[in-house]
Amino acid sequence: MTETLTLYKVVREDLTSCYDGKFKYTIGQKHTIDNPDPKTKDDPCGRGLHGCFSPLHTLQFRKNAWPVRLLQCSAL
């Protein structure tokens, strides 16, 4: 049986990523990324889609973007 995780994601008001504003999320759509990279010493998060277990924890990743939206996500 596959467990579904509930994660939280903070995005800009237009639903683009706070990191660089290039990746746009769509509510209700499944998102994937080709060729995600694992964590490295120089990039502790690696390349991929990220979420947090706590809504408050997500705010540290807003890269000074304001206003923001908080999304609740499901992940397998």
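The following exercises, each with a worked solution, concern a predicted model.

Residues are numbered from 1 along each chain as its sequence is written. In this predicted model local features need pLDDT of at least 70, side-chain atom pairs count only at pLDDT 80 or more, totals for chains, interfaces and linings use all residues, and side-chain values use heavy atoms, with hydrogens and water left out.

**Exercise 1. The fold**

State which pattern the protein follows along the sequence.

*Solution.* Begin with the elements, taken as DSSP runs numbered from the N terminus (helices: H or I, at least four residues; strands: E, at least two). The protein has one helix and two strands. Next, place them: β1 spans 5-12, α1 spans 55-58 and β2 spans 68-75. The pattern is therefore β-α-β.

**Exercise 2. The loop between β1 and α1**

Determine for Leu15 and Asp14 whether each is buried or partly exposed.

*Solution.* First, the terms: buried means under 20% relative accessible area, exposed over 50%, and partly exposed in between (1.4 Å probe, protein chains only). Leu15, in the loop between β1 and α1, has 13% relative accessibility and therefore counts as buried. Asp14 is found in that loop as well; at 42% relative accessibility, Asp14 is partly exposed. For the whole protein, 20% of the 76 residues count as buried.

Then consider the backbone. Leu15 is not a glycine, yet its phi is positive, about 70 degrees. Most residues other than glycine have a negative phi.

Finally, Asp14 and Arg69 are 55 residues apart in sequence, and their C-alpha atoms lie 8.5 Å apart in space.

**Exercise 3. The second largest pocket**

Identify which element supplies the largest share of the lining of the second largest pocket.

*Solution.* A pocket is an open set of points on a 1 Å grid over the protein atoms alone, where a 1.4 Å probe fits, with protein on both sides within 12 Å along at least five of seven lines; lining residues have an atom within 4 Å of a point. The second largest pocket is lined by 21 residues, with His31, Leu49, Cys73, Ser74 and Ala75 nearest its centre. Both β1 and β2 supply at least two lining residues. The largest share, five residues, comes from β2.

**Exercise 4. Leu59**

Establish where Leu59 lies and whether Leu59 is buried or partly exposed.

*Solution.* Leu59 lies in the loop between α1 and β2. Its relative accessible area is 38%, so Leu59 is partly exposed.
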